[in-house]
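Colleague: I am new to this structure and would like a close look at a single part of it. Please take one residue and its surroundings, and then one pair of helices.

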Amino acid sequence: MTKYKVGVLGLRMGHGWAEGVYMHPATELNLVFDPNWDRNERINKDYYLSKNIPIAKTEDEVYNSDVDIIVVASPDHFHAEQCIKAMESGKHVICEKPLAGTVAECKEIIAAVKRTGKQFMTGQVCRYAPGFKTAKLLIDEGRIGDICFIESEYAHDYSKATGFGNWRNDPKIKREGFIGGGCHALDLVRWLAGDPTEIFCYTNRIHMPDWPTDDTGISVMKFPGGAIGKVFVSIGVKRPYTMRTVINGTKGTIICDNTSDHIQISEASVCDTSQALKFSQVPVSIASHNVAAEVADFIEHLDKNEPQVTDIYQGSKTVAVGEAALESAKTGKAVKIDYNL
């Protein structure tokens, strides 16, 4: 078995990746780096020190090391530069979602992938959450027929999750919640229903009027085959974090999320037509951020020299949908989504 050495950049979002790498039999957690190691009390320093994981003193030390793979799990606005540097230093790359904040940055990363020929994964973790994976399986089996309508949401109160140094609330960065966090829901509906062709969006800033970007938005979109859908994103909503998703098909409906121990399915074909339709529960594991499965999937495709499932283009297409939604909110018009990457 090939043993891959792995370095991790960013140890808040990156901690889950570090654990996944440490546990995988084909990977060795060889080096980690966070510029705020000495300042950020939320970094689990004991984890790395107790396992004698080398701590890099500089970012360049990771690029210049002999690791085979670099996980980029820093704040969004560093992704493009760090991914490009990592690939140009000869490393394969896993990048935490969102791939980048703009399509322009995504194109820069795409160019680096083409130039270096390195393997690249975008960490769209919802595709690995057991509830959503089960829903996808049921859809692909034809259990609910053709999709007519799909809706998903990203509800997460950022007033208590501003990031170290309040980077998510930095007016110079202007991190758009519709892409930064909303990419979870946008990618999920793409995965389940196909690439939307057109989108219309409204946004507002009522929850957190002092935030540098709008905090809440609702988009409606058209999908191939005539299906329609909506995505709700709020980084100010006052409720527990959730990504509740509903898929309505010609033969049934699925209701699922990433934090419950079951999903629900209603199937017309298994119900007595003389009675009202009912939901059945399908048990699932709870693993809302199933990073270990992402690590395993990356290694499997790397071993086979096959393109990653959530590759550079999947990450870029999701950013393209989010960017089109923001353009619609700004112009007040429906926007055709440009996938010319």
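Modeller: What follows describes one residue in a helix and then the meeting of two other helices.

The model is predicted. The residue is D297, which lies in helix α9, a helix spanning residues 291-303. D297 is buried, because its relative accessible area is 15%, and the cut-off for buried is under 20%. Leaving aside neighbours within four places in sequence, D297 is in contact with M121, Y128, Q308 and V309. With one of these, Y128, there is a polar contact between the two side chains, at 2.6 Å. D297 can also be placed relative to T310, which is 13 residues away along the chain. The C-alpha atoms of D297 and T310 are separated by 9.7 Å.

The pair of helices is α8, residues 183-193, and α10, residues 312-331. Their axes come within 9 Å of each other and cross at roughly 110°. That angle makes α8 roughly perpendicular to α10, since angles of 65 to 115 degrees count as such. The crossing of α8 and α10 is right-handed.

Which residues in α8 and α10 meet? From α8 come C183, L186, D187 and R190. From α10 come Q314, K317, T318, V321 and G322. Sorted by class, the contact of α8 with α10 holds three nonpolar, three polar and three charged residues.

Conventions:
Residues are numbered from 1 along each chain as its sequence is written. This is a predicted model: local features need pLDDT of at least 70, side-chain atom pairs count only at pLDDT 80 or more; totals for chains, interfaces and linings use all residues. Side-chain values use heavy atoms; hydrogens and water are left out. Axes are lines fitted to C-alpha atoms, for helices over the stretch in contact, and angles run from 0 to 180 degrees between N-to-C directions. Helices (H or I, at least four residues) and strands (E, at least two) are DSSP runs, numbered from the N terminus. Angles under 35 degrees count as roughly parallel, over 145 as roughly antiparallel, 65 to 115 as roughly perpendicular and the rest as oblique. A crossing is left-handed if the near helix is turned anticlockwise from the far one by less than a right angle, and right-handed if clockwise. Contact means heavy atoms within 4.5 Å. Ala, Val, Leu, Ile, Met, Phe, Trp, Tyr, Cys and Pro count as nonpolar, Asp, Glu, Lys and Arg as charged, and the others, Gly among them, as polar. Buried means under 20% relative accessible area, exposed over 50%, partly exposed in between (1.4 Å probe, protein chains only). A polar contact is a pair of N or O atoms within 3.5 Å; within protein, one must be able to donate a hydrogen and the other to accept it, and residues adjacent in sequence count only if both atoms are side-chain atoms.
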